[in-house]
Amino acid sequence: ALAAGWTPDRAAEWLKGALVAPEEVKAPPPHPDALGPEYSEEALAGEFVAAQAGQFLFVKKWGVWLRWDGARWSEDELEHGTFTIRELCRRKAVVFAAEQLAQGRSPDKAGRVSSARTVLAVERLARVDPQVARRAEIFDSDLYALNTPGGIYNLRDGSLLAHDPAAHCTKITAAAPGGEAPVWQAFLQAA
């Protein structure tokens, strides 16, 4: 329903005048405090994700970052991911400062690129990137995959596979299969 006093023809005329063709839309001039798109939190989050692909995952349900340690995904208790983001922001701040100096400008805004606010914002944006965001249900979901220090033991056929981040294992046994086990063998013979 149209508001009082508006007819379909009047609304159509108003819309014609209000709509602007895409080629007529001009980007606003950059804000004087703008750092540039390559230093935006979004760009920094994308750079972190691209550089660290396969090393970090975020599980929203658990509220934690996981880090691949070569054998399993373990909770990033020491916040290596956040530290990596912090290092990225520091490097970008140095580049920004150098660019500003080369253009005869003051590098004062470089500190914003490596501020705690920026680091935390980049980390929050990275969490939702499809390359790192994972559902909790996918971890340790194969009941026939036993992750051991020697690899992933397939309980269906007895094969031993290499550790694989795509297996989404977070748990690992203390020992790998193999070797002599006389007590175990004696128990099996008695059973």
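**Sheet and cores: a conversation**

Student: Strand 1 and strand 2 run antiparallel; how many bridges join them?

Tutor: Good place to begin, and please keep in mind that this is a predicted model. One pair to look for is Leu-57 and its bridge partner in strand 2, Leu-66. Counting the bridges that join strand 1 to strand 2 gives four.

Student: Which residue in the turn of the hairpin formed by strand 1 and strand 2 has a positive phi?

Tutor: Four residues lie between these two strands. Within that turn, look for a phi of about 65°. The residue that has it is Gly-63.

Student: And which residue takes a positive phi in the hairpin of strand 2 and strand 3?

Tutor: Strand 2 and strand 3 pair in the antiparallel sense over three bridges, and Leu-66 has Glu-75 as its partner in strand 3. Their hairpin has four residues between the strands. There, the residue with a positive phi near 100° is Gly-70.

Student: In which sense do strand 1 and strand 4 pair, parallel or antiparallel?

Tutor: Try finding Phe-58, which stands opposite Ala-133 in strand 4. Two bridges make up this pairing of strand 1 with strand 4. The sense is parallel.

Student: Which strands stand at the edges of the sheet?

Tutor: The sheet is open, has mixed pairing, and its four strands follow the order 3-2-1-4. A strand at the edge has a single partner, so one of its sides is left without a neighbour in the sheet. That applies to strand 3 (73–75) and strand 4 (133–134).

Student: How many of the five residues of strand 2 are buried?

Tutor: Strand 2 covers residues 64–68 and is mostly covered. Buried here calls for under 20% relative accessible area. In strand 2, the number of buried residues is four.

Student: Which helix gives the largest share of the largest nonpolar core?

Tutor: That core has 21 residues, and those with the most contacts inside it are Phe-48 and Trp-65. Several elements each supply at least two of its residues, including helix 2 (41–51), strand 1 (56–59) and helix 5 (116–127). The largest share is six residues, and it comes from helix 3.

Student: Leaving out residues up to four places away in sequence, which residues does Phe-48 touch?

Tutor: In general, nonpolar side chains of soluble globular proteins tend to be buried together. Leaving out those sequence neighbours, Phe-48 touches Phe-56, Trp-65, Gly-81, Thr-84, Ile-85, Leu-88 and Ala-126.

Notes: Residues are numbered from 1 along each chain as its sequence is written. This is a predicted model: local features need pLDDT of at least 70, side-chain atom pairs count only at pLDDT 80 or more; totals for chains, interfaces and linings use all residues. Side-chain values use heavy atoms; hydrogens and water are left out. A nonpolar core is a set of buried Ala, Val, Leu, Ile, Met, Phe, Trp, Tyr and Cys residues joined through side-chain atoms within 4.5 Å. Buried means under 20% relative accessible area, exposed over 50%, partly exposed in between (1.4 Å probe, protein chains only). Contact means heavy atoms within 4.5 Å. Two strands pair if DSSP finds at least two bridges between them.
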